[in-house]
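Dear colleague,

I am handing over a structure that will be new to you. Please look through it first, and then read the notes below it.

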Amino acid sequence: MEEGNKAMDEEKTMLVSKALEEIRIAIMEEDKLCEIFFEDFETDKNTGKIFLGIIENKVPSLEAFFVNIGLGKNGFLRYRDVLDDPNHYNAGDKILVQVRKDGGTRKGPQLSMQLSLPGKYLVYIPNSKESIGISRKILQEKERTRLRQIAKKMLMDNESIIFRTNSEGIDEKEVEMELKEMRKMYNSILQRFQSQKNPGVLYEESDFLEYILRERLDSKTKKIITDDRQIVRKLKKSLKGFELKPKVEYVKGDVFQTHNVYHQMEEIFTKKIELSGGGTITLDRAEALTAIDVDSAGNLEGKNIEETSFITNMEAAKEIVRQLKLRNIGGMIVVDFIDMKDPSHKKTIINILKEEAKKDKSKVTILGFTNMGLLEIIRKRTTQPLDTNVYSQCPLCHGTGKIIAPSLVHGRLIKELLSSAKEIKKEKVKIIEINAFHNLSGYLTPSLTEELEKQLKVKLEVSFNWQNPNSYGIKYKK
């Protein structure tokens with residue numbers, strides 16, 4: 001258990017980078033990438049958004065409604081997620097719904113009529129008969145009792161709240177102020193719902209950076225490093241509203257480059273992961289199930305096979321939980337650990353998995369080993385796996401392989417050029433030749449080229465003959 005406790009004490013660093021107008025955020029634990037967020041992808045997600053929906057079909061055989069929320073693909077509303085009797089609703093009815101889970105390539109989003117509005121300290125749930133909720137990470141029973149008493153004083157009929165982890169030690173006035181704001185926000189949504197006729201969004205997160213701060217900033221986050229001066233000012237302003245005060249630092253250049261994020265991004269999307277001890281993990285992901293195989297490979301530690309297997313499995317257990325969170329893999333996960341005969345070794349592996357899972361915002365359930373010796377895990381997620389956003393299907397291999405999304409390659413290219421501005425001036429560069437894969441032709445437009453020429457005071461010559469869609473070529477000429 002010492003290994004697990006040590007893992008829980010690891011300090012975090014948040015890296016915030018800006019390429020053109022897109023913000024990218026990476027969360028590092030002891031120089032290891034554990035989560036990454038891209039503004040373009042996050043704002044495209046619909047989870048948490050509240051919509052005016054029109055019921056298109058009522059399907060008793062599925063015990064569900066198909067609801068038009070203005071996205072082109074109808075949402076799926078189960079009877080059990082309707083606030084009252086489903087028989088009260090029919091095709092054509094206008095309803096207020098929230099997206100609980102984003103849809104996939106074939107499915108529409110999952111909807112619920114039970115709304116929830118997240119704040120810094122609370123999650124506000126109107127029209128609810130549920131009891132008061134408190135984050136399981138608040139462990140002191142005395143503090144949990146205090147928070148319950150505060151809530152009982154303030155809650156009205158048919159509403160409830162959940163205290164988030166960072167509400168620990170919060171002043172009663174802070175709770176009251178945030179609760180008033182949440183009620184005001186909900187009433188504003190209701191007003192828009194009543195006045196609007198067509199399907200469409202009524203509420204969504206307004207600021208990407210504040211959203212990530214609210215959802216991911218915790219006591220282990222000691223430092224936020226950014227490569228943009230405007231973001232420094234914005235961070236300092238935003239952090240005034242938080243109890244936690246991590247140190248904010250500015251660095252020149254590309255903070256993702258200096259902290260090895262790009263290299264780690266390439267590693268995390270491979271099927272096979274090399275462990276530092278010599279073992280390997282292989283991940284195969286299907287839509288509803290992920291199979292993970294652990295192999296001792298070149299690991300020669302241990303006095304015998306049992307000990308070598310146990311050492312490899314312990315390292316693999318930590319890395320598996322990290323990969324699930326980093327790749328945002330959900331559903332059923334089946335892990336084929338190297339065979340262990342000692343029951344105490346299996347128990348230790350389960351304990352390590354449980355300790356590591358505490359760092360994950362998503363709910364992770366460790367079901368244990370089956371009779372066949374496979375370990376089952378269930379991880380709940382509400383958004384698409386990271387690789388579906390970061391990579392797009394290759395038109396040449398018909399989806400059997402993947403390439404990095406062109407927007408990311410483009411962002412990295414622009415960042416590299418702008419970061420080299422001083423060197424370009426110092427070396428008296430007159431011409432820069434850029435050769436990119438043809439899928440960047442829509443990004444490297446004549447107007448952007450002209451804008452870059454003005455900024456860098458050089459002539460840009462752009463061609464699209466580069467063979468690798470994941471990279472590009474730059475030549476500097478005097």
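The notes that follow describe a buried strand, a sheet with its helices, and a cavity. Please bear in mind throughout that this is a predicted model.

I begin with strand β4, which covers residues 50-59. Seven of its ten residues are buried, so β4 is largely enclosed by the rest of the structure. Three strands can be named as its partners. Strand β5 (residues 64-68) runs antiparallel to β4 and is joined to it by five bridges; within this pair, N57 has F66 of β5 as its bridge partner. The two strands form a hairpin with four residues between them, and in that turn E63 has a positive phi of about 50°. Strand β7 (residues 94-101) also pairs with β4 in the antiparallel sense, over five bridges, and here I54 is matched with K94. Strand β13 (residues 200-203) is likewise antiparallel to β4, with three bridges between them; I50 stands opposite Y203 in this pairing. As general background, strands of a sheet pair through backbone hydrogen bonds, either parallel or antiparallel.

The second topic is an open sheet of four strands, whose order is β9-β10-β12-β11 and whose pairing is mixed. The edges are taken by β9 (117-118) and β11 (133-134); each has a single partner strand, so one side of each is left without a neighbour in the sheet. The partnership of β9 with β10 (residues 122-126) is antiparallel and rests on two bridges, with P118 opposite V123 in β10.

Two helices pack on this sheet. Helix α3 (residues 141-154) touches β11 and β12 (159-163), and its direction makes about 155° with that of β12. Helix α4 (residues 172-195) touches β9, β10 and β12, and its direction makes about 45° with that of β10.

Finally, I turn to empty space inside the model. How many cavities of 30 Å³ or more does a search of the whole structure find? The search finds one. The largest cavity holds about 30 Å³ of space. Its lining consists of R285, A286, E287, L289, T290, I329, G330, R381 and P385. Sorted by class, four of these lining residues are nonpolar, two are polar and three are charged.

I would be grateful if you would take the structure over from here.

With kind regards

Terms used. Residues are numbered from 1 along each chain as its sequence is written. This is a predicted model: local features need pLDDT of at least 70, side-chain atom pairs count only at pLDDT 80 or more; totals for chains, interfaces and linings use all residues. Side-chain values use heavy atoms; hydrogens and water are left out. Two strands pair if DSSP finds at least two bridges between them. Contact means heavy atoms within 4.5 Å. Axes are lines fitted to C-alpha atoms, for helices over the stretch in contact, and angles run from 0 to 180 degrees between N-to-C directions. On a 1 Å grid over the protein atoms alone, a cavity is a set of points where a 1.4 Å probe fits but cannot get out, and a pocket is an open set with protein on both sides within 12 Å along at least five of seven lines; lining residues have an atom within 4 Å of a point. Grid points are joined across faces, edges and corners, and a volume is the space filled by probe spheres set on the points. Ala, Val, Leu, Ile, Met, Phe, Trp, Tyr, Cys and Pro count as nonpolar, Asp, Glu, Lys and Arg as charged, and the others, Gly among them, as polar. Buried means under 20% relative accessible area, exposed over 50%, partly exposed in between (1.4 Å probe, protein chains only).
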